[in-house]
Amino acid sequence: MNTNNAPPPVGSNQPPKMTARGVNVFYGAKQAIKNVSLDVRADEVTAFIGPSGCGKSTFLRCFNRMNDTVDSARVEGEIKLDETDIYAASMDVVQLRARVGMVFQKPNPFPKSIYENIAYGPRIHGLAANKTDMDGIVEGSLRRAGLWEEVKDRLGESGTAMSGGQQQRLCIARAIAVDPEVILMDEPCSALDPIATARIEELIDDLRGKYAIIIVTHNMQQAARVSQKTAFFHLGTMVEYGDTSTIFTNPSEGRTKDYITGRYG
Ligand SMILES: Nc1ncnc2c1ncn2[C@@H]1O[C@H](COP(=O)(O)OP(=O)(O)OP(=O)(O)O)[C@@H](O)[C@H]1O
């Protein structure tokens, strides 16, 4: 019941973009994620927080099957992108990772030109019919990542010769270039200085609503600034999930409260 006559949040009636149900992840015999279920909304930024080793990255990597690349990892449960089970045998993992892009902790541009860093994905996915199309995708992706003005006169220079913050925005532009629906960010600012971090946070805010975004962060202020929903993890379980404002001001669980007040972690 809506008691205060406030309109419902935008998109709240839409089905979630991704759903996780009963997810368990094991590395060999060790269980890193225990029976976690979560909905990810298309128009929101969802933050995963919790102490080191609680399973944030492991759970994040379930959403585009990056755990497939770890031999000892085994994922149980169900994860859907819209109505599609991403762990189905018929799922094309290359296509999945274009639809669910990823940005890592350490910026990892290819050792190629700025232009080629962006053009690579659209080329392998056949998204550009000709050079003009590709130029448009490269410019559009760099603009969306807030990098165009800084690099438009040096597209032929190496992506690895940029500052760390620029490299991370290049990696975000590279994810955007293949027209994803979801972007996973695994501590995207942990290798950056405060100014570069602020620019990435602004960029995340600009991208909100265009892509569903999940961000793993150690930085609680960052989670509070950039996300609308927060999930708190501890020892492989999701202890609490809710509106970020509630999690940070009035959490239901004692463990969440202890973490956000700095008692451990
Ligand atoms: N490739 C791996 N092989 C074996 N165990 C792993 C592997 N990756 C992670 N783990 C273990 O799984 C658990 C969860 O790790 P994960 O990296 O997901 O946690 P996290 O919350 O993201 O930690 P951090 O904040 O330190 O990055 C930890 O106990 C970790 O040691």
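In what sense do strand 7 and strand 8 pair, and over how many bridges? Strand 7 and strand 8 (residues 212-216) pair in the parallel sense, over 5 bridges; two strands count as paired if DSSP finds at least two bridges between them. One of those contacts puts L184 opposite its bridge partner I214 in strand 8. To get from strand 7 to strand 8, the chain passes through helix 7 (residues 194-207), and this β-α-β crossover is right-handed. That label applies if, with the strands pointing away from the viewer, the path from the first strand over the helix to the second runs clockwise.

A quick note on what you're looking at: this is a predicted model, where local features need pLDDT of at least 70, side-chain atom pairs count only at pLDDT 80 or more, and totals for chains, interfaces and linings use all residues. Residues are numbered from 1 along each chain as its sequence is written.

Strand 7 (residues 182-186) also has a partner in strand 6 (residues 100-103), again parallel, over 4 bridges. There, G101 stands opposite I183. As for cover, 5 of the 5 residues in strand 7 are buried, meaning that 20 or more other C-beta atoms lie within 10 Å of a residue's own C-beta, placed from the backbone (12 or fewer is exposed, in between is partly exposed). V182, L184 and D186 point one way from strand 7, while I183 and M185 point the other way.

Elsewhere, 4 strands make an open antiparallel sheet in the order 2-1-4-5. Its edges are strand 2 (30-40) and strand 5 (84-85), each pairing on one side only. Strand 1 (residues 18-27) and strand 4 (residues 73-81) run antiparallel, with F26 bridging to R74 in strand 4.

Here are the strand pairs with their bridges:

| Pair | Sense | Bridges |
|---|---|---|
| Strand 6 and strand 7 | parallel | 4 bridges |
| Strand 7 and strand 8 | parallel | 5 bridges |
| Strand 1 and strand 4 | antiparallel | 8 bridges |

Zooming out, the protein chain has 10 helices and 10 strands, which are DSSP runs numbered from the N terminus (helices: H or I, at least four residues; strands: E, at least two). Buried residues make up 40% of its 265 residues. The radius of gyration over C-alpha atoms is 19 Å, which agrees with the value near 18 Å for a compact globule of 265 residues; that rule is 2.2 Å times the number of residues to the power 0.38. The C-alpha trace spans about 55 × 40 × 40 Å along its principal axes.
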